Amino acid sequence: MIGVVGVMVRRNIIIIFMSIELILNAVNINLVAFSNQLHNAIGQVFVVFVIAVAAAEAAVGLGIILAFFRNKETVNIDEMNLMRW
Amino acid sequence: MGEAIAFYVISAFILIFAVLVVTAREAVHSVVFLVIDFLFVAALYALLGAEFLAIIQILVYAGGIVVLYLFVVMLVNLKRPPEAYSDPHRHTKIGFALAVAILVEVGIIGAKGYIAPSPASAAAAALPVTGNTQEVGWLLYTNYLIPFEVASMLLLVAMIGAIVLAKREL
């Protein structure tokens with residue numbers, strides 16, 4: 001919920017990425033909690049995959065931010081309208 | 001009893017620091033709050049009997065991803081903060097309303113979709129308590145071997161992609 005608010009409200013794209021990490025973390029907590037509740041380790045296996053995907057997403061996303069910043073000198077998503085027609 | 005108290009305290013800290021991450025003015029402060037938040041999440045994992053994941057959380061999130069964020073925050077040295085620029089078309093209230101709507105929707109799904117534990121899961125509950133490193137590792141390398149390899153391929157592709165994107169010229 002807080003992560004979703006962060007995605008919707010903030011203008012700094014780096015903070016938006018951090019909010020996405022928060023959302024993924026919330027999912028992980030839920031998976032671990034159910035895994036604990038149902039005495040089933042599969043949930044924890046999935047958490048490992050989610051962490052791997054989150055790491056990949058963070059790396060690529062930050063690479064995109066760097067490339068964009070080099071061209072446009074901004075991290076404000078309101079100014080990111082290159083693809084708008 | 002003590003476990004419940006610890007759970008609620010850790011959860012409260014997680015929520016407080018999550019709010020701070022979203023509301024902090026400076027991106028660097030946000031990153032620091034994110035580290036503390038991840039450490040509390042790791043503590044919660046340890047409390048829930050997932051020691052392996054607690055270690056992974058500290059290593060990968062607090063140690064790796066957040067350092068990556070810090071590097072980017074410092075590389076992207078802002079002359080004017082993004083929040084100073086105000087866009088007349090920006091609708092903060094709609095953003096909040098959408099977030100609340102999503103929360104309500106998830107709550108409804110959770111309330112309606114709740115199924116009583118089936119006999120199968122009850123049988124699974126009779127098994128000895130899992131959650132240790134050995135169990136997770138066994139599952140990863142037997143039942144979930146192919147997804148595991150796919151995840152490693154995904155990480156390789158992401159690494160190459162990030163290098164290509166962040167390189168000045170090819």
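A residue is buried if 20 or more other C-beta atoms lie within 10 Å of its own. The exercises below concern a predicted model.

**Exercise 1.** State how many helices and strands chain A has, and what percentage of its residues is buried.

*Solution.* Chain A contains 3 helices and 0 strands. In sequence order this gives the pattern α-α-α. Of the 85 residues in chain A, 49% are buried. As for contacts between residues at least 6 apart in sequence, 33% of those in chain A join residues at least 24 apart.

**Exercise 2.** Classify the relative orientation of α2(B) and α3(B), and describe the contact by residue class.

*Solution.* Step 1: α2(B) spans residues 27-47 and α3(B) spans residues 51-75; the angle between them is about 175°, and their axes are 8 Å apart.
Step 2: Angles over 145 degrees count as roughly antiparallel, so α2(B) and α3(B) are roughly antiparallel to each other.
Step 3: On the α2(B) side the contact includes Val31(B), Val35(B), Phe38(B) and Tyr45(B). On the α3(B) side, Glu51(B), Gln57(B), Tyr61(B) and Tyr69(B) are among the residues involved.
Step 4: By class, the contact of α2(B) with α3(B) has 20 nonpolar, 1 polar and 1 charged residues.

**Exercise 3.** Do the same for α1(B) and α2(B): find the orientation, the handedness of the crossing and the residue classes in the contact.

*Solution.* Step 1: Helix α1(B), residues 2-23, has an axis that comes within 9 Å of that of α2(B), and the two cross at roughly 160°.
Step 2: The cut-off of 145 degrees applies again, so α1(B) and α2(B) are roughly antiparallel to each other.
Step 3: Their crossing is left-handed.
Step 4: α1(B) contributes Glu3(B), Phe7(B), Phe13(B) and Phe17(B), among others. The residues from α2(B) include Ser30(B), Phe33(B), Asp37(B) and Phe40(B).
Step 5: The contact of α1(B) with α2(B) divides into 17 nonpolar, 1 polar and 2 charged residues.

**Exercise 4.** Decide whether Val9(B) is buried or exposed, and do the same for Ala12(B).

*Solution.* Step 1: Val9(B) lies in helix α1 of chain B, and Ala12(B) is also found in helix α1 of chain B.
Step 2: A residue with 12 or fewer neighbours is exposed. Val9(B) has 12 C-beta neighbours inside 10 Å and therefore counts as exposed.
Step 3: Ala12(B) has 11 C-beta neighbours inside 10 Å, so Ala12(B) counts as exposed.

**Exercise 5.** Give the C-alpha separation of Val9(B) and Val157(B), then that of Ala12(B) and Ile163(B).

*Solution.* Val9(B) and Val157(B) are 148 residues apart along the chain, with their C-alpha atoms separated by 39 Å. For Ala12(B) and Ile163(B), 151 residues apart in sequence, the C-alpha to C-alpha distance is 38 Å.

Technical notes:
Residues are numbered from 1 along each chain as its sequence is written. Chains are lettered from A and ligands numbered from 1 in the order in which they are written. This is a predicted model: local features need pLDDT of at least 70, side-chain atom pairs count only at pLDDT 80 or more; totals for chains, interfaces and linings use all residues. Axes are lines fitted to C-alpha atoms, for helices over the stretch in contact, and angles run from 0 to 180 degrees between N-to-C directions. Helices (H or I, at least four residues) and strands (E, at least two) are DSSP runs, numbered from the N terminus. Angles under 35 degrees count as roughly parallel, over 145 as roughly antiparallel, 65 to 115 as roughly perpendicular and the rest as oblique. Two residues are in contact if their C-beta atoms, placed from the backbone, lie within 7 Å. Ala, Val, Leu, Ile, Met, Phe, Trp, Tyr, Cys and Pro count as nonpolar, Asp, Glu, Lys and Arg as charged, and the others, Gly among them, as polar. A crossing is left-handed if the near helix is turned anticlockwise from the far one by less than a right angle, and right-handed if clockwise.
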